[in-house]
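Colleague: I am new to this one. Can you walk me through a few residues?

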Amino acid sequence: MMATALLLCATLTLAAAPPANDGIKWTAELDEALKLSQKYHVPVLLHFSSDHCPPCRLLEQRAFKSNEVIKAVHDDYIPVLVNVDQYRQIAQRYKVEAWPT
């Protein structure tokens with residue numbers, strides 16, 4: 001079942017992913033990720049970021065490029081990147097006021 005969830009996540013990611021970052025394969029489709037999460041009992045990992053956030057870039061360039069982190073995220077989560085510049089309402093829904101979160 002986990003393999004099916006990961007395959008669906010990979011398909012979703014390829015269809016809706018933000019520009020490639022050579023690391024974690026993020027999706028921007030939160031609603032679809034939440035549906036997959038419920039269906040396959042896989043948690044969603046939300047990464048709130050901004051285009052004008054130097055700490056966000058450091059996290060993305062360092063931790064999210066680590067092979068161990070990439071493997072752990074891909075094995076155990078549905079990764080969703082929320083760009084708060086474009087989707088502030090999602091940050092508000094989760095009461096996120098600072099990023100990276």
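Modeller: The questions below go through this predicted model.

Colleague: Which backbone nitrogen does the side chain of threonine 27 reach?

Modeller: Threonine 27 is in the loop between helix H1 (2-16) and helix H2 (30-40). Its side chain makes a polar contact at 3.2 Å, within the 3.5 Å cut-off. The partner is the backbone nitrogen of glutamate 29.

Colleague: Is threonine 27 buried or exposed?

Modeller: Buried means under 20% relative accessible area. Threonine 27 has 0%, so the residue counts as buried.

Colleague: Where is glycine 23 found, and is it buried or exposed?

Modeller: Glycine 23 is in the loop between H1 and H2. Its relative accessible area is 4%, and the cut-off is under 20%, so glycine 23 is buried.

Colleague: Which residues is glycine 23 in contact with, leaving aside neighbours within four places in sequence?

Modeller: Phenylalanine 64 lies 41 residues from glycine 23 along the chain. Their C-alpha atoms are separated by 6.2 Å. Beyond four places in sequence, the contacts of glycine 23 are Phe64, Lys65, Ile70 and His74.

Colleague: Which cysteines form a disulfide?

Modeller: The structure holds 1 disulfide. Its sulfur atoms are 2.2 Å apart, and the cut-off is within 2.5 Å, so the pair qualifies. The partners are cysteine 53 and cysteine 56.

Colleague: What is the handedness of the link of cysteine 53 and cysteine 56?

Modeller: Cysteine 53 is buried at 6% relative accessibility. Cysteine 56 is buried too, at 0%. The angle about their S-S bond is 75 degrees, and the link is right-handed.

Notes
Residues numbered from 1 in each chain as written. Predicted model: local features only at pLDDT ≥ 70, side-chain atom pairs only at ≥ 80, totals over all residues. Heavy atoms only, no water. Helix = DSSP H or I, 4+ residues; strand = E, 2+ residues; numbered from the N terminus. Buried < 20%, exposed > 50% of the residue type's maximum accessible area, 1.4 Å probe, protein only. Polar contact = N/O pair within 3.5 Å; in protein donor to acceptor, adjacent residues only side chain to side chain. Contact = heavy atoms within 4.5 Å.
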